[in-house]
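Reader: I would like a close look at a single part of this model, the sheet and what packs against it. Please go through the strands, their partners and their surroundings in order.

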Amino acid sequence: MKKVFLNEFTGKEVKEMLENDQIDSAITIFGACESHGWHSPLGPDIFVPTEIAKRVAEKLDKTVVVPGIPYGTSIHYNHFPLTVSLRYESTIAVAEDIFTSLIHHGIKNILILNGHDGNIPALEVAARNVKEKYKDASMIYIPAWWEITGAKMKDDFEVWDGLGHGGEGETSITMAVKPDLVNLDDAICQMPDDMIKLSEHGSVIFDITEITETGAIGDPTKATREKGEKMLRIVVDYLVDLINDLESNNWKYDRKK
């Protein structure tokens with residue numbers, strides 16, 4: 001397959017690609033290092049979006065993948081070993097610097113692919129700060145790729161639309177990406193069935209120890225590699241279609257302009 005990761009190209013290759021208009025967009029990836037239960041590695045939040053971005057860029061002509069950041073803001077998961085957590089200010093600063101570096105070298109069309117819930121507010125702040133400074137940049141933010149599969153695979157999942165932290169869905173897609181790193185023999189269902197049910201407009205600001213004893217939420221015992229492969233295909237197809245649509249309109253998301 002063709003090279004897509006920015007750090008795999010030589011300096012000469014990158015220079016020629018930029019001069020010949022062979023790069024016009026980049027996918028940036030933000031993950032985390034934290035417990036996802038006894039059965040799972042600590043790295044799904046970087047492993048999964050990296051594989052998604054790779055598959056997406058392989059299907060496109062002018063998109064490169066920026067090596068992902070394997071740490072994120074994980075203060076609500078910090079009680080389980082061995083979480084490595086950045087301050088919100090750190091995540092914002094790193095993201096702003098990455099976006100600004102790309103724009104400085106002429107890549108003004110940036111898709112932000114986030115793999116971790118704790119990064120969501122920080123990455124939005126960073127993207128808005130950079131957009132304010134560089135008005136001609138196109139910043140497309142995918143804060144939660146898992147919502148794409150949760151909406152489209154309701155009939156495939158057995159529990160909670162597959163959602164959860166290290167639950168049925170995330171464990172399935174991790175099995176598809178890194179099968180050797182998942183041990184379902186250690187999987188334990190951790191469904192917070194007794195939680196007060198909030199409306200769709202409410203959000204609990206929780207600490208992970210309040211709702212799980214393993215670091216996982218959901219039911220990873222229902223995970224399968226087949227579900228994970230389907231999840232990958234759905235997210236990849238969605239992003240390929242999205243970027244192709246943006247490309248066809250020169251990355252102007254308002255077609256009237």
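Author: Two strands count as paired if DSSP finds at least two bridges between them. With that in hand, L113 stands opposite I142 in β4. The model is a predicted one.

The strand pair β3 and β4 is a good place to begin. β3 covers residues 109–114 and β4 covers 138–142. These strands run parallel and are joined by 5 bridges. N109 is placed opposite S138 of β4. Of the 5 residues in β4, 4 are buried, and the strand is mostly covered.

The sheet as a whole is open and has 4 strands, in the order β2-β1-β3-β4, with parallel pairing. β2 (63–65) and β4 are the edge strands; each has a single partner strand, so one side of each has no neighbour in the sheet. From one strand to the next the twist averages 20°.

Next comes β1. It is joined to β2 by 3 bridges, and these two strands run parallel. I27 stands opposite V65 in β2. All 6 of the 6 residues of β1 are buried, so the strand is largely enclosed by the rest of the structure. In a regular strand the side chains alternate between the two faces of the sheet. In β1, S25, I27 and I29 point one way, while A26, T28 and F30 point the other way, and all are buried.

Two helices lie against these strands. α2 packs on the sheet and touches β1, β2 and β3, with its direction at about 165° to that of β1. α4, residues 120–133, lies across β1, β3 and β4 and runs at about 175° to β4.

The sheet also contributes to the nonpolar interior. The largest nonpolar core has 33 residues, and I27, I52, V56, L111, L113, W145 and L239 are those with the most contacts inside it. At least two residues of this core come from each of β1, α2, β3, β4, α6 and α7. α7 gives the largest share, 9 residues. L111 can serve as an example: leaving out residues up to four places away in sequence, L111 touches A26, I27, T28, I140, I142, L239, L242 and I243. Apart from this core lies another, of 25 residues, and V14, I23, V66 and L123 are among them.

Finally, α2 also has a helix partner. Two packed helices are described by the angle between their axes and the distance between the axes. For α2 (residues 44–58) and α6 (residues 168–177), the angle is about 60° and the axes are 10 Å apart. Their crossing is left-handed. On the α2 side the contact is made by P44, D45, F47, V48 and E51, and on the α6 side by E170, I173, T174 and V177. By class, this contact has 5 nonpolar, 1 polar and 3 charged residues. As for α6 itself, 10 of its 10 residues are buried, so this helix is largely enclosed by the rest of the structure. What covers the buried residues of α6 includes α2 and α7.

Definitions and conventions. Residues numbered from 1 in each chain as written. Predicted model: local features only at pLDDT ≥ 70, side-chain atom pairs only at ≥ 80, totals over all residues. Heavy atoms only, no water. Axes fitted to C-alpha atoms, helices over the stretch in contact; angles between N-to-C directions. Left-handed = near helix turned anticlockwise from the far one by under 90°. Contact = heavy atoms within 4.5 Å. Nonpolar A, V, L, I, M, F, W, Y, C, P; charged D, E, K, R; others polar. Core = buried A, V, L, I, M, F, W, Y, C linked by side-chain atoms within 4.5 Å. Buried < 20%, exposed > 50% of the residue type's maximum accessible area, 1.4 Å probe, protein only.
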